[in-house]
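Grab a coffee and open the structure viewer next to this page. Below are some exercises, each with a solution worked out step by step.

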Amino acid sequence: MKVLVLLDSNKYVSDIHGFIMKAGFSDASLVAVSNVEVSEGFDKVYRVGDVSSDILVKLGSEIGDFDLYLAPHSKKCIEALSFYAGSRGIPIVTEVTDFSIDEGRIYRNILSGRGLVSYKFTTPMAITIATGKFKGSISKTPEIINMDISPSTQLLSTEEKAFGGVDIENADIVVGVGRGFKAKEDLDMAFELAKVLGGEVGCSRPIAADYHWLDEDRWIGISGKKIRGKLYIAIGISGAPQHIMAANDVKVIVAINKDKNAPIFEYADYGVVADLYQFLPVFLERLKTRLGV
Amino acid sequence: MDVGVIVKAALDVNVLRSDPSGRISIESIPLVISEYDRNAIYEGAKICESTGGKLYIYSVLTWGPMERKLKDFENVIREALALGGEEAFTVVDKSINSSEPMYTSEILAKLISKYGSPKLILAGEASTDMTSSTLAPYLAAKLGYNVATFVKELKLGDGYVEVLRDADERLERLSVSLPAVVSVTGEINTPRLPTLIQIRRAFRKPLHKFTLADLGLSPIMSRYEDYKVVTVKRKNVIIEDESLEGVADKLIEHLIQEGVVKR
Ligand SMILES: Cc1cc2nc3c(=O)[nH]c(=O)nc-3n(C[C@H](O)[C@H](O)[C@H](O)COP(=O)(O)OP(=O)(O)OC[C@H]3O[C@@H](n4cnc5c(N)ncnc54)[C@H](O)[C@@H]3O)c2cc1C
């Protein structure tokens, strides 16, 4: 088995190694193509300047053919791996959450997380791995080969995104805010609630991506973060599957929404049909009294 | 400049239907326009308006059975035309029964090179039903075009597009030479709603339908085996009381009993 791994950040190495170990491919020849320093866990590392869309196409003739092409489910890796798969006519399956090599099946979610589909595992195949589903480490000291590749697209500049360093994926309690909030200042109520409960504030996509009221590391959903704590309180969130299915692994879900027909109630353990502007101040006050804070 | 938009008639994720064994009945789920395709159409329409080009819609009916899905599919294409498309080229074939980038891209590549072959093809960042984000780059490779995905800003230059793309941790500004396939995020613009006149006009715009044989392609074999519903059991208790204080107190007691809030 020959495995090629495309990497654009060191934080995914454990996902990749976990996947390879679970598959029992640890003895395989592991070759990485990466723009970051990878000092362990591969036989060979091709260091490149950028994981550009055509990086694998350009490297292809140099590094040869593989049975399996793996990458984390990051935006640049999806692009570069799909572009390569397209150029070679190799099937690609993204955001794989589980697999069984014995049965020759790999799994991914569809329909915004409401469905699961299984594919036949064949080689060659390209796969991006869902974040946080596999964990492992393989010790091998790679031979590093520096490559000088100029991509077909020209990078003009980069802008770092602002992140508050919040880790909602591992938070026990998350208070989620959605478009039911009318102004950024009103989110203070949610922050206060999170503080009283010892949790973090998360949000729906529009709050981060459209309004920029909160940083993207608080964005919950299939295109944001998955949460798996013990409590999620969704406030002023309608309950689109793209949002709420990312909270599937949370133990208890509470929904506060003024529309009694909002889909969020179908996904909630406890629902409160109320205007958040009326309910939250009361809830906060009673909670503080009850908890003695 | 002419622009093409690839549009998907996607399974409506809000209408999930399954049989008692938990198998999803794809055949009875309605199709709707994939949400972020609207953003792609609007972005394309703006370019065509400012450059005097024509906006082509390309689409393949990927979900079967064809007879049951055809009406929804046509509605989706009419919607795309009402949103700004001028002419639609589509493939509808009995043998197509699943949505896989490997096959869809091959069909689209044929369709695009045969009809219009615009130098800029736009797509949504992901389809609402499969959300793999692979089709745009896969198609670009098939067409021999450049690619940029998850684009939040798009500016047309002379023979290139300048894009601001989301790269998770950072944003990257790229210059991408044409021809190119570009996928756009849901935040790139706010698509306008079509007016009644635009909706009516859409029915007079040309909508071409081809089979795989028309394009010289052979029937498709699907790799899917089964689709299962993901079930998560929730208690679905609506908390009621005469006063909001009462509701709050009851909620707090539930949370304490669940052991998720500590006194
Ligand atoms: C491919 C794709 C990926 C996506 N990825 C994500 C994702 O990762 N995360 C995500 O969140 N979304 C995602 N979306 C978008 C998603 O479909 C929804 O549009 C979004 O989640 C809606 O956010 P919301 O619930 O905050 O807003 P809305 O849907 O507008 O809901 C607002 C809710 O607030 C309620 N409300 C209003 N006023 C009050 C009040 N005073 N008191 C109480 N309740 C009130 C309303 O009744 C309503 O239910 C994605 C969409 C697509 C197509």
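Two strands pair if DSSP finds at least two bridges between them. Helices (H or I, at least four residues) and strands (E, at least two) are DSSP runs, numbered from the N terminus. What you're looking at is a predicted model, in which local features need pLDDT of at least 70, side-chain atom pairs count only at pLDDT 80 or more, and totals for chains, interfaces and linings use all residues. Residues are numbered from 1 along each chain as its sequence is written, chains are lettered from A and ligands numbered from 1 in the order in which they are written, and side-chain values use heavy atoms, with hydrogens and water left out.

**Exercise 1. Find the bridge partner of Val177(A) in β12(A).**

Step 1: Start with the strands. β11 (residues 173-177) of chain A runs parallel to β12(A), and four bridges join the two.
Step 2: Go to Val177(A) and look across to β12(A): the partner is Cys203(A).
Step 3: Now zoom out. The open sheet here has six strands in the order β12(A)-β11(A)-β13(A)-β14(A)-β15(A)-β13(B), with parallel pairing. Its edge strands are β12 (200-203) of chain A and β13 (237-238) of chain B, each pairing on one side only.

**Exercise 2. Work out the strand order of the open sheet of ten strands and name its edges.**

Step 1: Read off the order: β10(A)-β9(B)-β8(B)-β7(B)-β10(B)-β6(B)-β1(B)-β4(B)-β5(B)-β11(B), and the pairing is mixed.
Step 2: Check the ends. β10 (154-160) of chain A and β11 (207-210) of chain B are the edge strands, each pairing on one side only.
Step 3: Look at the twist. On average, neighbouring strands of this sheet are turned by 35° against each other, direction ignored; the axes behind such angles are lines fitted to C-alpha atoms, for helices over the stretch in contact, and angles run from 0 to 180 degrees between N-to-C directions.
Step 4: Pick one pair to inspect. β7 (residues 146-156) and β10 (residues 180-184) of chain B run parallel, joined by four bridges, and Asn146(B) has Ala180(B) as its partner.

**Exercise 3. Follow β5(A), β6(A) and β7(A) and spot the residues with positive phi in the two hairpins.**

Step 1: β5 (residues 92-100) and β6 (residues 105-110) of chain A run antiparallel with four bridges. Val96(A) sits opposite Arg108(A) in β6(A).
Step 2: Four residues lie between these strands, and Gly104(A) has a positive phi near 65°.
Step 3: Carry on to β7 (residues 115-120) of chain A, which pairs with β6(A) over six bridges, again in the antiparallel sense. Asn109(A) is matched with Leu116(A) in β7(A).
Step 4: This hairpin also has four residues between its strands, and here Leu111(A) takes a positive phi near 50°.
Step 5: Don't skip Glu95(A): this residue of strand β5 of chain A has a phi near 50°, positive although the residue isn't a glycine.

**Exercise 4. Which parts of chain A does the salt bridge of Lys22(A) and Asp98(A) tie together?**

Step 1: Recall the cut-off: a salt bridge is a side-chain nitrogen of Lys or Arg within 4 Å of a carboxyl oxygen of Asp or Glu. The N to O distance for Lys22(A) and Asp98(A) is 2.6 Å.
Step 2: Place the two ends. Lys22(A) is in helix α1 (residues 13-23) of chain A and Asp98(A) in strand β5 of chain A, so the pair ties together parts 76 residues apart in sequence.
Step 3: Check the exposure, where buried means under 20% relative accessible area, exposed over 50%, and partly exposed in between (1.4 Å probe, protein chains only). Lys22(A) is partly exposed at 45%, and Asp98(A) is partly exposed at 33%.

**Exercise 5. Where do the two cis peptide bonds, Thr123(A) to Pro124(A) and Gly64(B) to Pro65(B), place their prolines?**

Step 1: Check the first bond: from Thr123(A) to Pro124(A), omega is near -5°. Pro124(A) is in the loop between β7 and β8 (125-129) of chain A.
Step 2: Move to chain B, where omega from Gly64(B) to Pro65(B) is near -5°. Pro65(B) falls in the loop between β4 (55-60) and α2 (66-82) of chain B.
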